[in-house]
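Student: I'd like a close look at just one part here, the sheet with the helices lying on it and whatever is bound next to them. Can you walk me through that in one go?

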Amino acid sequence: MTRVARRFDAINLAQGFPDFAAPQLLKDAACTAIQADDNQYAITWGTPALRTALARKYREWYGIPVDRDREVTVTCGATEAMAAVMLATIDPGDEVVVLEPFYENYGPDAVLCQAGPVFVPLSLPEFRLDPDRLRRAISPRTRAVVINTPNNPSGRVFDDEEMEAVADLCVENDLLAITDEIYEHIVYEGTHVPMATLPGMRERTIIISGLSKTFSVTGWRVGTIIAPAQLTDAIRKVHDFLTVGAPAPLQAACAVGIDALGRDYYEGIARDYLRRRDVLYAGLRESGFACRPPEGAYYIMADFSELSALDDTAFSTWLARECGVAPVPGSSFYNRPEDGCRLVRFAFCKRVETLERAVARLRRFFA
Ligand code: PLP
């Protein structure tokens, strides 16, 4: 859809990358590292400075004690992190439970392990996790549950009841929880509670996150994994063979960012995103889309049934071409394309001016 947006000169609310600047001190730190010739391979599993900063952050923010030498791996984005984690922990023939709608990588990563993804739909219209449905999806071959909160694309921040239901099933069935927490600091309602803080979960949870979203640097490719030492051992081996390591000067800059930016910064990004959310949400509702305000992350899944009889892919291209606003077809987030055929996803990780222009176009177009 990014290519389609470019072709039609449409405002790209498809792919989730910010159109605004990263924090100045982070950019300065990256330049300083490059000027200091920090040009060679970093330690495969991450620079000591970044692993130290991460261990401190997890302890201070979430009360999770982390051994920087045995439990942290720095990867080329959360994308590589998820692939490395699955390749390290999932065997051929295993099953991996994935909640649906899902971020696109989980299914293919499971397939790369010759495992079977098993999809559990969240219940509409709130995208709620149904514990009974989850329980029914678990078989003797299930090895792991992937859980992404705050969630892309649904905007859900799973509540205590939903998180506890997943944790209970993991403990009961001796499963790993592979969590994707890349939007941990982009929360509007409720709070982000890492699965690893629930009783019995630290030893069976692999926490994936990264700096792409928190520092608005999706092109830097710095992701992170926190996992028990024995799992980290295997994950580091896979990571070594996949990419050797994440970019050294950018790891240096991320360490400076984590050390220097305090709660003000994190609260600031959540506040800025809330403003952007409200602009897009109001515009979509006024234009005739059916949607709910997301509780976290920076996407809105919207039902366009009242506006068009096209399917999601045709509607997305049509909207980009005729209205000048590009979303992502909803079927991208479902195993069975028909389940997402009335939905599109809009990203609001854009400047308020960009969103206001997009919303003005939508309002005019559907008036
Ligand atoms: N996980 C989720 C849920 C995402 O939405 C994204 C990017 O959109 C990623 C992972 C990828 O993160 P990274 O840029 O760190 O690879």
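Tutor: Start with helix 8, residues 229–243, which lies across strand 2, strand 6, strand 7 and strand 8. The helix runs at about 20° to strand 2. Keep in mind that this is a predicted model.

Helix 4 lies across strand 2, strand 3 (95–100), strand 5 (142–148), strand 6 (176–180), strand 7 (205–210) and strand 8. Relative to strand 7, helix 4 runs at about 160°.

Now for the sheet under those helices. It's an open one with 7 strands, and if you read across it the order is 2-8-7-6-5-3-4, with mixed pairing. Strand 2 (72–75) and strand 4 (116–121) are the edge strands, each pairing on one side only. On average, neighbouring strands in this sheet are turned by 20° against each other, direction ignored.

Zoom in on the strand 2 end. Strand 2 pairs with strand 8 (residues 223–226) in the antiparallel sense, over 4 bridges. If you want a residue pair to click on, take T75, whose bridge partner in strand 8 is G223. As a reminder, strands of a sheet pair through backbone hydrogen bonds, either parallel or antiparallel.

Helix 4 also brings us to the ligand. Spanning residues 77–89, helix 4 gives 3 residues to the shell around the ligand, the largest share. That shell has 14 residues in total, and the closest are A78, T79, D180, Y183 and R221. Sorted by character, the shell comes out as 6 nonpolar, 5 polar and 3 charged residues.

There are some polar side-chain atoms worth displaying around the ligand's oxygens. R221, already listed among the closest residues, has a side-chain N or O atom 2.7 Å from a ligand oxygen. N152 places a polar side-chain atom 2.7 Å from an oxygen atom of the ligand, and for S212 the corresponding distance to a ligand oxygen is 2.8 Å. As for how covered the ligand is, on its own it has 400 Å² of accessible area, and the protein covers 92% of that.

One last stop, for context: there's another open sheet, with 4 strands in the order 9-10-13-12 and antiparallel pairing. Strand 9 (290–291) and strand 12 (328–329) sit at its edges with a single partner strand each, so one side of each has no neighbour in the sheet. Helix 11 (residues 312–323) packs on this sheet, touching strand 12 and strand 13 (343–347), and its direction makes about 45° with that of strand 13.

Conventions:
Residues numbered from 1 in each chain as written. Predicted model: local features only at pLDDT ≥ 70, side-chain atom pairs only at ≥ 80, totals over all residues. Heavy atoms only, no water. Near = heavy atom within 4 Å. Polar contact = N/O pair within 3.5 Å; in protein donor to acceptor, adjacent residues only side chain to side chain. Areas by Shrake-Rupley, 256 points an atom, 1.4 Å probe, with all protein chains shown as cover. Helix = DSSP H or I, 4+ residues; strand = E, 2+ residues; numbered from the N terminus. Nonpolar A, V, L, I, M, F, W, Y, C, P; charged D, E, K, R; others polar. Pairing = 2+ DSSP bridges. Axes fitted to C-alpha atoms, helices over the stretch in contact; angles between N-to-C directions. Contact = heavy atoms within 4.5 Å.
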